[in-house]
Amino acid sequence: MFRCGECGFPLWLGKLIRWNDNGTITLRNRPDFRVLLIEADFLTRLFGAVQDELDLPVQEMVFEAQRDAARNVIDADLSGPFSLARVGPLKRLTVKVFDRMASWCGQCYSRTHTYKPGSFSEGVIRNPFNRELMAAIITGAFESLEGKAYRHSYHREGEAERIRVEPDPARQLAKKPPPVTPLKPGSRRLERCPRCGVPLAMRDLKWMEEEGIIMDIRKGVRMVFLDFYATTVVLEELSSRLGVSFAPIVVDTQRAFFLRHIWEEFLSERRRNSPLPPRELYRTALDALALRGQGNPVGYALEGGVFSVDIENPFDRNLLAGFLSALYECAEGKVPRVGWEGKDEQTLRFILKPS
């Protein structure tokens, strides 16, 4: 893995994605395609909580939504001049790129050992950020590359776990191009590496390429780069199937999840001689939210114990509500009630107050 000599960020990944001044990360060649940087186990925790609370086959729903979304995203990526990736010997090169991308993004270590175009592919994966989501991403990638439905299976060979994908004649593909959502411009300034242009805050990330893992060494947490559209499709699918019972589970689960992470990153005695004052904590944590491509916090205020913030280009509203609830609890020492409303198509206003 070639790295920037100044900040250590992987050079190829830095050439593929770009941090913008509006709280988003996007592909350089597709500025309408967003990328997220997020804690690697947050989806696993969330799906487990939904499964425990509602006793439904959540993993099956999630797999299908992720597989179809991944295929649709890669279909868009491999369009125009990049459609050559599906031609003859270039297919094998494309599969190697898929493997490297998984490691660069911290999703897993992946190496394809056998690939017979149109027939099957088999390889080793280690340390997937989520076992079923990773299988869905791999299956969707081959469906896009081959233009037909695939299925997957896992099996162990010694200490290694192998995944095999092969055509699934019983299923037809339902293609749905990802929607193009306009983004609000912003004026957020990021301190960037003078050599590669990546935000210097990314120096806290450590790539363990042979393990397929990215660690945030500042807080000791595994991180992962994920496609924004595919992640939101999974969450929207769960929300549509589970109805009104979904939102409170998400908010409560994410509040509990982020309490520890916010404390570890911003308040731990191991990192600071004294705790951050509440207003400084709000500002610092919201800046970190923007650095991870989850939205652009603007116009926030704290008055009489009521915290309000407008987030432009927001990620999932329920997950943001859970994060903001944890932030409020860390700052104010109280569990809040949280509500939100859409100010316009690309802005959510959150209001948190003591419960």
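Contact, as used in these legends, means heavy atoms within 4.5 Å. The structure shown in every view is a predicted model.

**View 1. Helix 6 and the elements that cover its buried residues.** Helix 6 comprises residues 228-242, and its buried residues are Phe-228, Tyr-229, Ala-230, Thr-231, Thr-232, Val-234, Leu-235, Leu-238 and Leu-242. What covers these buried residues includes strand 3 (34-39), helix 2 (42-54), helix 3 (58-77), strand 10 (221-227), helix 7 (246-267) and helix 9 (317-332). At the start of helix 6, a side-chain oxygen of Asp-227 comes to within 3.1 Å of the backbone nitrogen of Tyr-229, and after the helix comes Gly-243, which has a positive phi near 70 degrees. At 1.5 Å a residue, the 15 residues of helix 6 should span 21 Å, and the end C-alpha atoms are indeed 21 Å apart, so the expected and modelled spans agree.

**View 2. Helix 9, from its N-terminal cap to the glycine that follows.** Helix 9, one of the elements covering the buried residues of helix 6, is itself mostly covered, with 14 of its 16 residues buried. The N-terminal end of helix 9 is capped by Asp-316, a side-chain oxygen of which lies 3.1 Å from the backbone nitrogen of Asn-318. Just after helix 9, Gly-333 adopts a positive phi of about 75 degrees. For the 16 residues of this helix a span of 22 Å is expected at 1.5 Å a residue, which agrees with the 22 Å between its end C-alpha atoms.

**View 3. Strand 5 between its partners, strand 4 and strand 7.** Strand 5 (residues 120-126) runs antiparallel to strand 4 (residues 109-116), to which it is joined by 7 bridges, and it also runs antiparallel to strand 7 (residues 160-167), with 5 bridges joining the two. Towards strand 4, Val-124 of strand 5 stands opposite Arg-111; towards strand 7, Ser-121 stands opposite Val-165, and Glu-122 has Arg-164 as its bridge partner. The hairpin of strand 4 and strand 5 has 3 residues between the strands, and in it Gly-118 takes a positive phi near 80 degrees. Because 6 of the 7 residues of strand 5 are buried, this strand is largely enclosed by the rest of the structure. In a regular strand, side chains alternate between the two faces of the sheet.

**View 4. The hairpin of strand 6 and strand 7, and the loop residue Asp-168.** Strand 6 (residues 150-157) and strand 7 run antiparallel and are joined by 8 bridges, with His-155 having Arg-162 in strand 7 as its bridge partner. The hairpin has 2 residues between these strands, and Gly-158 within it takes a positive phi near 70 degrees. Asp-168 is found in the loop between strand 7 and strand 8 (205-208), where, leaving aside residues up to four places away in sequence, it touches Ala-149, Tyr-150 and Arg-151. With a relative accessibility of 14%, Asp-168 counts as buried, because buried means under 20% relative accessible area.

**View 5. Two loop residues, Lys-219 and Pro-31.** Lys-219 lies in the loop between strand 9 (213-216) and strand 10, and at 5% relative accessibility this lysine counts as buried. Its side chain is joined to that of Glu-39 by a polar contact of 2.9 Å. Pro-31, found in the loop between strand 2 (25-27) and strand 3, counts as partly exposed at 46% relative accessibility. Not counting residues up to four places away in sequence, Pro-31 touches Arg-18, Thr-26 and Leu-183, while its C-alpha atom is separated by 23 Å from that of Ala-65, 34 residues apart from it along the chain.

**View 6. The whole chain, as a setting for the close-ups.** The chain has 9 helices and 14 strands. Its radius of gyration is 21 Å, close to the 20 Å that the globule rule gives for 355 residues, so the chain is as compact as a globular protein of that length. Taken along the principal axes, the C-alpha atoms fill a box of roughly 65 × 50 × 45 Å. Of the 355 residues, 51% count as buried, and the chain exposes about 16400 Å², of which carbon and sulfur atoms supply 52%. Among contacts with a separation of 6 or more, 62% are accounted for by residues 24 or more positions apart.

Key: Residues are numbered from 1 along each chain as its sequence is written. Side-chain values use heavy atoms; hydrogens and water are left out. Buried means under 20% relative accessible area, exposed over 50%, partly exposed in between (1.4 Å probe, protein chains only). Helices (H or I, at least four residues) and strands (E, at least two) are DSSP runs, numbered from the N terminus. Two strands pair if DSSP finds at least two bridges between them. The expected span of a helix is 1.5 Å times one less than its number of residues. A polar contact is a pair of N or O atoms within 3.5 Å; within protein, one must be able to donate a hydrogen and the other to accept it, and residues adjacent in sequence count only if both atoms are side-chain atoms. The radius of gyration is taken over C-alpha atoms; the globule rule is 2.2 Å times the number of residues to the power 0.38. Accessible areas come from the Shrake-Rupley method with a 1.4 Å probe; for residues, only the protein chains shown count as cover.
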